[in-house]
Amino acid sequence: MQTFDVIIIGGSFAGLAAAMTLGRSRRKVLVIDAGSPCNKQTPHSHNFLTQDGKSPAEISKLAKAQVSKYPTVEFLEGFAQKAEKADTHFRVILDSGKEYTAKKLLLATGLKDQMPKKDGFAASWGISILHCPYCHGYEVVDKKIGIWGNGDAGFALAKLISNWSDKITLFTDGQSTLSAEQQQSLDKHHILLNEKEFVGFAHREGQVNKILFADGSAENLEAVFARVPFVQHSDIPKQLSCAFDEHGFVQVDEYQSTSVFGVFAAGDNTTGFRSVAMAVAAGSKAAAIINHQLIDEIF
């Protein structure tokens, strides 16, 4: 059974950034990746210096090529099915049955978005139905934008997006639960409210052009912002008894350490700030702390 200094589960941006830092620290690293990132449908990534406008796949390919130049870093395609503490090490078992051990684990396992049952939603997710204005807002500046939400969450999202367009409608998909004060604030900022139930979105190759209502009517749109529920992409954090916060993210401290000593987490599985830049920063920081911890354990 091969033993590594660090096993990184997840080879997207947080995992790759960590692998580079650890490779440059001469650590023996195994990156296990199943090849199913949550942004695989997104055509362009933004707000990441030097890579603005490139596809996530393009950035990831270049990153992996650069990390692969460090001889102590190995990549393995597969799905990590189980992880457990084994004396002073951690054992990781793949769905193929192969087993590997490491002194430290970094969980960069990401999230899995749960698509609502609305026609056209899943096909348009990440293309014109968007979650992050910092990643995609500039590309829809001054366009006719729909916000899907209700109550406090819907109001907060409409308020956030108001900086990018003055043609915004909040679609509550049923009776509004906004407070009187929230409604007044929307009116003040010329954000429209539509309470009609809708069944989905008309689109062309993921580019939304209409919202389709249950009564058979429709309204033109050019982009939509929405928040969807998610689950952890892997149940390994749960297997290891890592703590979770009230939102369902793996709980980490300022050093990306989980509640289990020797287990770290970075990327989308730990935070609502879901972007390439944030994931890279978190992965780099986690790797530096892991290296320091390994050093401290032998001195």
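Start by selecting Ser176 in this predicted model. Is Ser176 buried or exposed? With a relative accessible area of 17%, Ser176 is buried, because buried means under 20%. Look along the chain on either side: Ser176 sits in the loop that runs between strand 10 (168–171) and helix 6 (180–188). Now show what touches it. Apart from neighbours within four places in sequence, Ser176 is in contact with Asn150, Leu193 and Glu195.

Next, select Val29. Which residues does Val29 contact, leaving aside its neighbours within four places in sequence? You should find Phe4, Val6, Ile8, Leu22, Thr72, Val73 and Glu74.

Keep Val29 on screen and add Val6, Ile8, Leu22, Leu106 and Ile290. These six have the most contacts inside the largest nonpolar core, a set of 24 residues. Colour the pieces that feed this core: strand 1 (2–9), helix 1 (13–24), strand 2 (29–33), helix 2 (56–67) and helix 8 each give at least two residues. Helix 8 supplies the largest share, with seven residues. In soluble globular proteins, nonpolar side chains tend to be buried together.

There's another core to visit. Pick Ala80, Tyr100, Leu240 and Ala265, which are among the 22 residues of a second, separate core.

Finally, go back to helix 8 (residues 276–296) and click on Ile295, which is found there. Ile295 counts as partly exposed, at 32% relative accessibility. Add Ile298 and Phe299 to the selection: together with Ile295 they make a nonpolar patch on the surface, with about 390 Å² of accessible area between them.

Technical notes
Residues numbered from 1 in each chain as written. Predicted model: local features only at pLDDT ≥ 70, side-chain atom pairs only at ≥ 80, totals over all residues. Heavy atoms only, no water. Patch = residues over 30% accessible without salt bridge, like charges linked within 9 Å, V, L, I, M, F, W, Y side chains within 5 Å. Areas by Shrake-Rupley, 256 points an atom, 1.4 Å probe, with all protein chains shown as cover. Salt bridge = Lys/Arg side-chain N within 4 Å of Asp/Glu carboxyl O. Helix = DSSP H or I, 4+ residues; strand = E, 2+ residues; numbered from the N terminus. Buried < 20%, exposed > 50% of the residue type's maximum accessible area, 1.4 Å probe, protein only. Core = buried A, V, L, I, M, F, W, Y, C linked by side-chain atoms within 4.5 Å. Contact = heavy atoms within 4.5 Å.
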